[in-house]
Amino acid sequence: LALLGPRDGHSGIFPLDDAHEQELTLYPLRLYAFPDGLFVVSAEDEALVGLELISVAGRPVDEVLALVEPLVPRDNEQSLAARAPQWLVTAEVLAGLGVVGEAAAPIELVFRRGEDDTLATQVEPVPASEYAAGQPDLFHPMVPQGLPGVPGGPAYLARRGEERWAEWVDDGRAVHAAYNVTLGTTSDFALQVLRLAQRPGVRQVILDLRHNPGGNNTTYARLLQALGTVPGLTVLTSRTTFSAAANLLAELERDAEPLLVGEPTGGSPNLYGDPVDVLLPETGLAAHVAGEYWELAPPDDERLAFEPDVPVELSAGDYFAGRDPVLTAALGRAPR
């Protein structure tokens with residue numbers, strides 16, 4: 001299924017899919033690929049949070065990732081980067097690749113705690129349903145996961161669990177509007193953004209799509225209309241900006257010419273979506289196969305991702321220290 005290639009990140013077999021008749025198992029930690037390494041961002045064992053994973057079952061983590069990546073469905077390299085860490089902690093995947101002898105066995109993971117300090121620990125897999133229950137921000141098993149919320153951290157993380165919100169920032173000179181899932185009517189949200197944008201002195205509206213993995217692309221029409229009228233439209237993007245969120249971005253690009261800040265998107269400008277379920281009876285696994293091609297960018301658009309006008313990477317140091325360099329960069333580009 002992953003061999004279907006780019007723009008087809010909706011087709012695949014997904015570890016946390018509750019439609020599997022044969023439930024998969026995962027090692028109970030959540031990893032995120034920062035530019036400075038693969039770090040634990042949440043875990044059953046909280047002592048592991050903030051550590052960099054460096055080896056899996058005696059193999060360097062980069063070597064194991066190279067084995068895992070061909071199995072991961074993706075629209076592009078960004079959705080691959082978002083998803084591969086979850087496949088990396090799926091016991092059946094590692095057993096099938098020969099990294100571990102059997103899926104039910106504990107695995108040795110080695111973490112870097114400091115420049116010359118490492119920690120080796122044995123971790124046992126848990127059922128996928130138990131793993132998913134520990135991820136409250138999991139929207140759908142098929143979408144790339146972003147970063148978990150951090151209470152007391154920057155707003156885009158502290159308010160990670162809210163579907164949408166908006167507030168003034170930069171001493172009232174900008175509106176920061178987070179649209180975290182493309183579901184439900186956007187009429188009230190559009191009105192809220194417009195009201196905030198009408199305040200005297202507002203020169204920029206920042207739409208935050210960094211945690212929006214999609215949903216339903218028929219729900220954002222009112223928001224799209226409103227954003228075409230606001231000053232200094234800037235959009236924050238990441239590897240998790242996927243599916244219907246990429247559809248919205250294609251329409252914004254056509255109608256409003258926003259400034260993009262952050263990472264390239266995980267979703268393609270034109271993409272395959274609306275998957276149908278197919279049960280694989282020999283394995284008890286559920287597969288998904290995209291059933292529709294969404295062409296909201298020009299038909300000859302060969303891009304696999306929306307590339308930011310202002311590229312900004314989030315390092316592990318930024319994340320764990322509660323810094324938001326993407327928003328900072330966006331505010332630095334506000335119209336004068």
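Is strand β3 (residues 37-43) mostly covered, or is it mostly open, and how many of its residues are buried?

## Strand β3 and its partner

In this predicted model, strand β3 is mostly covered, with seven of its seven residues buried. Here a residue is called buried when its relative accessible area is under 20%.

Strand β3 pairs with strand β2, which runs over residues 29-34. The pairing is antiparallel and comprises six bridges. One of the bridge partnerships links L29 with A43 in β3. Between the two strands, a hairpin of two residues makes the connection from β2 to β3. In a regular strand, side chains point alternately to one face of the sheet and the other.

## Overall fold

The protein contains 10 helices and 16 strands. Its C-alpha trace spans about 65 × 45 × 30 Å along the principal axes.

The radius of gyration is 20 Å, and this agrees with a compact globule, because 336 residues packed in that way would give a value near 20 Å. Of contacts between residues at least 6 apart in sequence, 71% join residues that are at least 24 apart.

## Burial and surface

Of the 336 residues in the protein, 55% are buried. The exposed area of the protein is about 14300 Å², and carbon and sulfur atoms supply 51% of that area.

## Charges

The protein carries 22 positive and 49 negative charges. The mean position of the positive charges and that of the negative charges lie 11 Å apart.

How values were computed
Residues numbered from 1 in each chain as written. Predicted model: local features only at pLDDT ≥ 70, side-chain atom pairs only at ≥ 80, totals over all residues. Heavy atoms only, no water. Buried < 20%, exposed > 50% of the residue type's maximum accessible area, 1.4 Å probe, protein only. Helix = DSSP H or I, 4+ residues; strand = E, 2+ residues; numbered from the N terminus. Pairing = 2+ DSSP bridges. Rg over C-alpha atoms; globule rule 2.2 N^0.38 Å. Contact = heavy atoms within 4.5 Å. Areas by Shrake-Rupley, 256 points an atom, 1.4 Å probe, with all protein chains shown as cover. Lys, Arg positive; Asp, Glu negative; His and termini not counted. Charge placed at Lys NZ, Arg CZ, Asp CG, Glu CD.
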